[in-house]
Amino acid sequence: MGRTLESKQQIVGELKELLAESELALVLDYKGLSIKEMSDLRDRLRAGNAVCKVTKNTLMRRAIDGDNAWSNLDSLLTGTNAFVLIKGDVGAGVKAVQAFQKETKKSETKGGLFEGKLLSQDEIKAIADLPSKEQLMAQIAGAINAVATKVAVGINEVPSGLARALKQHAEGGDS
């Protein structure tokens with residue numbers, strides 16, 4: 001028995017909401033994955049503020065219809081697809097997908113879309129290689145701390161240098 005028009009409209013509405021909150025969408029070919037493996041993928045994604053939705057391509061087409069940010073996703077809507085929608089730390093979401101794929105050796109990323117642009121496999125891999133938000137913040141804090149330390153040493157050196165110069169002048173003036 002097929003879905004009712006009302007349930008299809010509800011699914012399309014839910015997809016539209018998820019897309020509105022998402023920054024990156026990955027399209028995975030999930031053929032051959034068991035229910036247990038799909039649950040594992042969803043659990044991994046939940047930790048990275050991402051969701052995995054399996055839906056018919058026609059329903060996803062309706063969800064992206066008229067939405068310029070996601071319309072390029074249409075070219076990836078063939079075959080059996082799972083849609084990974086990531087908000088927040090996109091690097092963590094992509095890493096979770098890639099780690100899952102490496103372990104199961106069953107799923108394949110067809111492509112992705114970020115800010116309206118279709119991503120190549122290399123671009124998706126580059127996103128996964130980015131440091132996390134926390135790592136970037138630590139690096140920035142470290143750099144700021146290093147600059148502050150150098151400034152403090154430099155400021156401290158001014159009176160010390162002046163004192164040495166005065167002492168040298170005083171010693172030189174006594175002879």
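A helix here is a DSSP run of at least four residues, numbered from the N terminus, and helix H2, at residues 35-47, is one such run, holding both Arg44 and Asp40. The model you are looking at is a predicted one. The protein chain has 6 helices and 5 strands, and 31% of its 175 residues are buried. Here is a friendly tour, topic by topic.

**Overall shape**

- Going along the sequence, helices and strands follow the pattern α-β-α-β-α-β-α-β-β-α-α.
- The radius of gyration of the protein chain is 27 Å, well over the 16 Å that the globule rule gives for 175 residues, so the chain is more spread out than a compact globule.
- The C-alpha trace of the protein chain covers about 110 × 35 × 25 Å along its principal axes.
- For a sense of separation inside the model, take Phe114 and Thr4: they are 110 residues apart along the chain, and 32 Å lies between their C-alpha atoms.

**Salt bridges**

- How many salt bridges are there? The count comes to 8 salt bridges, with a side-chain nitrogen of Lys or Arg required to be within 4 Å of a carboxyl oxygen of Asp or Glu.
- One of them joins the side chains of Lys53 and Glu14, at 2.6 Å from N to O. This pair links distant parts of the chain, since Lys53 sits in strand S2 (residues 50-54) and Glu14 in helix H1, 39 residues apart.
- Both partners of that bridge can be found at the partly exposed level: Lys53 has a relative accessible area of 26%, and Glu14 has 37%.
- Within helix H2, the side chains of Arg44 and Asp40 meet in a salt bridge at 3.3 Å, N to O. The two residues are 4 residues apart, about one turn of the helix.
- Arg44 is partly exposed, with a relative accessible area of 22%, and Asp40 is partly exposed as well, at 30%.
- Which residue is linked with Asp40 and Arg44 in a network of salt bridges? That residue is Glu103.
- A further salt bridge brings together the side chains of Lys117 and Glu123, 2.8 Å from N to O. Lys117 counts as partly exposed at 42% relative accessibility, and Glu123 is partly exposed at 30%.

**Surface patches**

- Arg3, Lys8, Lys56 and Arg62 form a positive surface patch.
- Arg3 is placed in the segment before helix H1, which runs over 5-21. With a relative accessible area of 53%, Arg3 is exposed, because the exposed class begins over 50%.
- A nonpolar surface patch of about 280 Å² is made by Val147, Val151 and Ile155. Val147 belongs to helix H6, which covers residues 133-174.

**Backbone angles around strand S4**

- What is the sign of phi at Lys105? Phi is positive there, about 55°, although Lys105 is not a glycine.
- Lys105 lies in the loop between helix H4 (90-104) and strand S4 (108-114). Is Lys105 buried or exposed? Lys105 is exposed, and its relative accessible area is 71%.
- Glu115 has a positive phi too, near 50°, in a residue other than glycine. Its place is the loop between S4 and strand S5 (117-119), and Glu115 is exposed, with a relative accessible area of 69%.
- Phe114 lies in strand S4. At a relative accessible area of 24%, Phe114 is partly exposed, because this class holds what falls between buried, under 20%, and exposed, over 50%.

Definitions and conventions:
Residues are numbered from 1 along each chain as its sequence is written. This is a predicted model: local features need pLDDT of at least 70, side-chain atom pairs count only at pLDDT 80 or more; totals for chains, interfaces and linings use all residues. Side-chain values use heavy atoms; hydrogens and water are left out. Patches are made of residues with over 30% relative accessible area and no salt bridge: like charges are joined within 9 Å, nonpolar side chains (Val, Leu, Ile, Met, Phe, Trp, Tyr) within 5 Å. Accessible areas come from the Shrake-Rupley method with a 1.4 Å probe; for residues, only the protein chains shown count as cover. Lys and Arg count as positive and Asp and Glu as negative; His and the chain ends are not counted. The place of a charge is taken as NZ of Lys, CZ of Arg, CG of Asp or CD of Glu. Buried means under 20% relative accessible area, exposed over 50%, partly exposed in between (1.4 Å probe, protein chains only). The radius of gyration is taken over C-alpha atoms; the globule rule is 2.2 Å times the number of residues to the power 0.38.
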